[in-house]
Amino acid sequence: MSKLKGYIQLTRPANLPTAVADIVAGVAVSLTLMHGVEDAAAMASAHVGSILLLCLASVLLYASGVVLNDYFDRNVDAIERPERPIPSGVIPSRSALAFGLVLMCLGVLSAVMVSVLSGVLALFLALTILLYDAAGKRHVLFGPLTMGACRGLNLLLGMSLFGEVALWWMAVIPILYIGAVTLVSRGEVNGQNRSHITLAFFMYLGVIASLWGLMFYAGISFIYLIPFLIVFAAMVLIPLWRAYKNNSPANIRKAVKAGVISLILLDACIAVIFAGWTAGLSIVLLLPASLFLAKQFAVT
């Protein structure tokens, strides 16, 4: 049982619903562009098998990324976080490596079953994950950008439902957002990262402004977006302010945790903009599951 729990811990269960949220948001954009808001729900039902495969691919790829992250960090974690499954000896490092690679291959295979484009995007996502885990994370600028690119590709993976990605430039939004979260995470162990938090704050504002601009692009009323946007902004900015005010590792970890889980709300905003409030609400329903799992397992 301890080994099973260790493998589960490696996959960061609380984070996995955020991977599904990316896919659902991308699917909502794709369905609306291809068939209009009125027919989007009916078309989603008709393609539920492909949508589930994309969700599965995303979850497997995300899980592989965090497993391999712990594998590559095993020597650092032995000093800074010895309670984690690999440095604690619960999971042998070679087993963790094999586990992560199997998850990654299964994720790409799931995407290939949807379309060639989905498979290509999943492969690029897998390579970007490996790049971040093995080397990118060590660079102050390149690390956050690489991590953000993983989320951008994940959103595009959802958009690839019909074998094309029209609004590829929307990947900039999750790239900017996760770049900010990754910057904040630099202080999880030692604290003292007010400069990173300040930069992250302006990046968060850029994300909020991008969502507002996207609303005008899509031509929807701000009445539908405002409630989702307010909750999203509050959930990420309040913990960020607390981490800046009291720049301790504990507060920084809380800000990072809020940033990761709030991806669900970011995706809900994107879905609202293109497919209406019901689509946004369907993504928000993932939030309770993520919050519950966050009480049982570490998010970062």
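Are D77 and R84 buried or exposed? Let me start there this morning, since that pair leads us into the part of this structure I'd like to show you. D77 is buried, and R84 is buried too. Please keep in mind that we are looking at a predicted model.

So what do the side chains of D77 and R84 do? They meet in a salt bridge, with N and O at 3.1 Å. The structure holds four salt bridges, and here is another one that uses R84: its partner is D70, and the closest N and O atoms are 3.5 Å apart. R84 sits in the loop between α4 (74-80) and α5 (93-112) while D70 belongs to helix α3, so this pair ties together parts that lie 14 residues apart in sequence. As for cover, R84 has a relative accessible area of 12%, which is under the 20% cut-off, so it is classed as buried. D70 comes in at 2% relative accessibility and counts as buried as well.

Now follow D70 the other way. D70 also forms a salt bridge with R12, and there the closest N and O atoms are 3.0 Å apart. That pair links distant parts of the chain: D70 in helix α3, residues 48-72, and R12 in the loop between α1 and α2, 58 residues apart. Both D70 and R12 are buried. Put the pieces together and you have R12, D70, D77 and R84 linked in a network of salt bridges.

Stay with R12 for a moment, please. Its loop runs between α1 (2-10) and α2 (16-46), and R12 counts as buried at 6% relative accessibility. What is the phi of R12? It is near 50°, a positive value in a residue other than glycine. As a reminder, most residues other than glycine have a negative phi. If you have the model open, do click on that one.

Let's move to the surface, beginning with charge. Which residues gather in a patch of positive charge there? They are R242, K254, K257 and K295. K254 is found in helix α11, residues 249-261, and K254 is exposed, with a relative accessible area of 54%. Helix α11 has a covered side to its story too: its buried residues are N251, I252, A255, V256, A258, G259, V260 and I261.

While we are on α11, here is a quick check of its length. With 13 residues at 1.5 Å a residue, α11 should span 18 Å, and its end C-alpha atoms are indeed 18 Å apart, so the two values agree.

The other surface feature is nonpolar. W212, F216, F222, I223, Y224, W277, L281 and L285 make a nonpolar surface patch of about 900 Å². Which elements give two or more residues to the nonpolar patch? Those are α9 (194-218), α10 (222-245) and α13. Helix α10 gives the most, with three residues.

Two members of that patch are worth a look. I223 is found in helix α10, and I223 is exposed, with a relative accessible area of 58%. W277 has its place in helix α13, residues 277-284. With a relative accessible area of 46%, W277 is partly exposed. If you'd like a long-range distance to go with W277, take L33: the two are 244 residues apart along the chain, and their C-alpha atoms are separated by 16 Å.

Last stop, helix α7, and I'll take two residues from it. R151 is located in α7, residues 142-159, and R151 counts as buried at 5% relative accessibility. The C-alpha atoms of R151 and V66 are separated by 13 Å, with their positions 85 residues apart along the chain. A149 is in helix α7 as well, but A149 counts as partly exposed, at 22% relative accessibility. From A149 to L97 the C-alpha distance is 22 Å, for a separation of 52 residues in sequence.

So, to recap where we have been: a salt-bridge network of R12, D70, D77 and R84, a surface patch of positive charge that includes K254, and a nonpolar surface patch of about 900 Å². Thanks for listening, everyone, and I'm happy to go back to any of these views.

Note on methods: Residues numbered from 1 in each chain as written. Predicted model: local features only at pLDDT ≥ 70, side-chain atom pairs only at ≥ 80, totals over all residues. Heavy atoms only, no water. Patch = residues over 30% accessible without salt bridge, like charges linked within 9 Å, V, L, I, M, F, W, Y side chains within 5 Å. Areas by Shrake-Rupley, 256 points an atom, 1.4 Å probe, with all protein chains shown as cover. Lys, Arg positive; Asp, Glu negative; His and termini not counted. Charge placed at Lys NZ, Arg CZ, Asp CG, Glu CD. Helix = DSSP H or I, 4+ residues; strand = E, 2+ residues; numbered from the N terminus. Buried < 20%, exposed > 50% of the residue type's maximum accessible area, 1.4 Å probe, protein only. Expected span 1.5 Å × (residues − 1).
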